Amino acid sequence: MLRLITDFDGPIMDVSERYYRVYQLCLEKTRYPEQTITELSKSEFWQLKRSHTPELQIALKSGLDAQQGQEFSQIRKQTVHTLPYFQYDVLVPTALAALSQIQAAGVDLAVMTMRRVRELDYAFNQHNLSQFFPENRRYCLSNDYVKTRDVEDKPLLMAKALAGLPPAADTWMVGDTEADITAAKKHNIKIIAVESGIRDRLQLESYQPNLIMPDLKTAVNFILNQ
């Protein structure tokens, strides 16, 4: 049996608008009344996120001072994964076609994400994704899970997934961050990093995935042609 484990945000969901709206909120909440700030355009902001620029740097680039930058980072951390903002996520344009293609090919498909149950359920309901991932193929964090760092939490989630899934002759993972690459490598799974998410090619290359491809659709085509 051939299996594909895919990350959710990045390969399937485009989160750039959510992150940008939260960035705008953080600026608004931390600026002084008469302060002149430089709001980055969405493309400028997303380029910084994809090159893994620290939040404090983004705040400083936007004209905030160091103290405001600390507050900016705190508000962002508290807000970016809250339900009011998940409505801004959209599907990556080719994601549905990729999921339909892999499902039609009879590949065992699982999703593995750092979202909490309620956050994943919200997106599944919004975009009718349950058809691709039955309950026993969804691996995410419990609603009360205390996160540490994704590069530490994701390998633990991968271990849980592998313990619960039936054996497969061949397993691939698709993801868009260092956490995905780390989790796959730790468990000797082949990893394709995609450029449709929150890290650019240079960042992905530094973690040495097996392959780097534009998106999930390209990755699926590659896997099915093996």
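Lys and Arg are counted here as positive and Asp and Glu as negative, while His and the chain ends are left out of the count. On that basis the chain, which is a predicted model, carries 26 positive and 28 negative side chains. The centres of these two sets of charges lie 3 Å apart.

The overall dimensions come next. The chain has a radius of gyration of 18 Å, which agrees with the value near 17 Å that a compact globule of 226 residues would have. Along the principal axes, the C-alpha atoms fill a box of roughly 60 × 35 × 30 Å. The accessible surface comes to about 10,800 Å², and carbon and sulfur atoms contribute 50% of that area. Of the 226 residues, 49% count as buried.

The secondary structure consists of 11 helices and eight strands. Among contacts with a separation of 6 or more, 69% are made by residues 24 or more positions apart in the chain.

Strand β4, residues 108–116, offers a starting point for the interior. Nine of its nine residues are buried, and the strand is thus described as mostly covered. In a regular strand the side chains alternate between the two faces of the sheet. In β4, D108, A110, M112, M114 and R116 point one way, whereas L109, V111, T113 and R115 point the other way. Both of these sets are buried.

Two strands that pair with β4 can be described in turn. Strand β1, residues 2–6, pairs with β4 in the parallel sense over four bridges. Within this pairing, T6 stands opposite V111 of β4. Strand β5, residues 138–141, also pairs with β4 in the parallel sense, here over three bridges. V111 stands opposite R138 in β5. V111 therefore has a partner in β1, namely T6, and a partner in β5, namely R138, and its own side chain is on the face of β4 that also carries L109, T113 and R115.

R138 itself, located in strand β5, merits closer attention. Its relative accessibility is 17%, and a residue under 20% counts as buried, so R138 is classed as buried. Beyond the residues up to four places away in sequence, R138 touches V111, L120, D121, F124, S130 and F133. R138 and K29 are 109 residues apart in sequence, and their C-alpha atoms are 36 Å apart in space.

Attention now turns to the helices. In α2, residues 42–50, the buried residues are F45, W46, L48, K49 and R50. An α-helix has 3.6 residues a turn, so residues three or four places apart point the same way. The buried residues of α2 pack against four helices: α1, α3 (55–61), α4 (66–79) and α10 (201–206). After α2 comes H52, which has a positive phi, near 65°.

The loop between α1 (16–30) and α2 contains I37. This loop residue counts as buried because its relative accessibility is 17%. Apart from neighbours within four places in sequence, I37 is in contact with L27, R31, S62, G63 and L64. The C-alpha atoms of I37 and Y19, which are 18 residues apart along the chain, are separated by 19 Å.

Methods. Residues numbered from 1 in each chain as written. Predicted model: local features only at pLDDT ≥ 70, side-chain atom pairs only at ≥ 80, totals over all residues. Heavy atoms only, no water. Rg over C-alpha atoms; globule rule 2.2 N^0.38 Å. Buried < 20%, exposed > 50% of the residue type's maximum accessible area, 1.4 Å probe, protein only. Contact = heavy atoms within 4.5 Å. Areas by Shrake-Rupley, 256 points an atom, 1.4 Å probe, with all protein chains shown as cover. Charge placed at Lys NZ, Arg CZ, Asp CG, Glu CD. Pairing = 2+ DSSP bridges.
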